[in-house]
Amino acid sequence: MPSSWTVLISLHAIAASYSLIFGAVNLLSRPKGGRVHRIVGRIWVVSMYVVVLTSFGIRTIDGGFNWLHALSVLTFCTLTAGLLAIRKGNIKAHRGFMTGSYFGLLGAFVGVLAVPSRRIPQLAIHELPILVLLILILLGTAALTIAGIAQSRKASSIRGGR
């Protein structure tokens with residue numbers, strides 16, 4: 001396998017991992033629409049676009065596309081529609097598109113985990129300590145990012161900003 005594929009797949013997996021984390025944070029947090037929600041949402045959207053765009057460089061063993069690539073096309077459309085909806089003030093449509101995009105990501109993740117020959121299940125089988133370390137690094141950096149965003153929000157409100 002060429003080294004460019006390794007970098008591409010790594011970038012795809014890292015972006016997908018952050019998408020899973022930041023998407024869950026935004027779906028579960030309250031209130032919606034505040035500064036933290038918007039910043040975390042922007043991080044999530046960028047990471048989702050990275051996932052979508054890198055997916056087209058990752059092909060099946062025979063060099064083709066599969067159902068995950070169709071999901072990438074759909075996700076690109078729903079992310080874009082969700083962004084356009086919020087810019088127009090249509091919160092209901094925004095919520096629907098973004099929630100659907102997140103659950104599509106979860107579906108793709110489950111689909112990847114269900115195939116034992118893929119990289120994540122192989123890591124879990126053959127190199128579990130490395131997988132655990134990678135997960136801890138991802139969760140830690142995401143937690144630090146969110147804490148930093150929340151802290152900047154507090155500092156901003158103390159100074160009289162919004």
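**Buried residues and helix contacts**

Reader: Does M48 count as buried or exposed?
Author: The relative accessibility of M48 is 2%. The cut-offs are under 20% relative accessible area for buried, over 50% for exposed and in between for partly exposed, with a 1.4 Å probe and protein chains only. At 2%, M48 therefore counts as buried.

Reader: What kind of model is this?
Author: Residues are numbered from 1 along each chain as its sequence is written, and side-chain values use heavy atoms, with hydrogens and water left out. Local features need pLDDT of at least 70, side-chain atom pairs count only at pLDDT 80 or more, totals for chains, interfaces and linings use all residues, and the model is predicted.

Reader: How many helices does the chain have?
Author: Helices (DSSP runs of H or I, at least four residues) and strands (E, at least two) are numbered from the N terminus. The elements run α-α-α-α-α-α from that end. There are 0 strands, and the helices number 6.

Reader: Which helix holds M48, and what span is expected for that helix?
Author: M48 sits in helix α2. This helix covers residues 35–55, which makes 21 residues. The expected span is 1.5 Å times one less than the number of residues. From first C-alpha to last, α2 reaches 30 Å, close to the expected 30 Å.

Reader: Which residues beyond its sequence neighbours does M48 contact?
Author: Contact means heavy atoms within 4.5 Å. One partner, L79, is 31 residues away in sequence, yet its C-alpha lies 8.1 Å from that of M48. Setting aside neighbours within four places in sequence, M48 contacts S19, T75, L79, S101 and L105.

Reader: Which other residues of α2 are buried?
Author: M48 is on the list of buried residues in α2. Besides M48, the list holds H37, V40, G41, W44, V45, S47, Y49, V51, V52, T54 and S55.

Reader: Is Y49 buried or exposed, and what type of pair do Y49 and F76 form?
Author: The structure has 3 aromatic pairs, where ring centres of Phe, Tyr or Trp (six-membered ring) lie within 6.5 Å and planes under 30 degrees apart are stacked, over 60 edge-to-face and the rest tilted. Y49 is buried, with 17% relative accessible area. Its ring centre lies 5.4 Å from that of F76, and the planes are at 65 degrees, so the pair is edge-to-face.

Reader: Which helices does this pair link?
Author: The two residues are 27 residues apart, so to speak of distant parts of the chain is fair. F76 is partly exposed, at 38% relative accessibility. Y49 belongs to helix α2, and F76 to helix α3 (residues 67–87).

Reader: Where is N26, and which residues does N26 contact?
Author: N26 is placed in helix α1, residues 3–28. Its relative accessibility is 9%, so N26 counts as buried. H37, V40 and G41 of its contact list are also among the buried residues of α2. With neighbours within four places in sequence left out, the contacts of N26 are K32, V36, H37, V40 and G41.

Reader: What share of the chain's contacts with a separation of 6 or more joins residues 24 or more positions apart?
Author: The chain has 162 residues, and 28% of them count as buried. Among contacts with a separation of 6 or more, the share from residues 24 or more positions apart is 63%.
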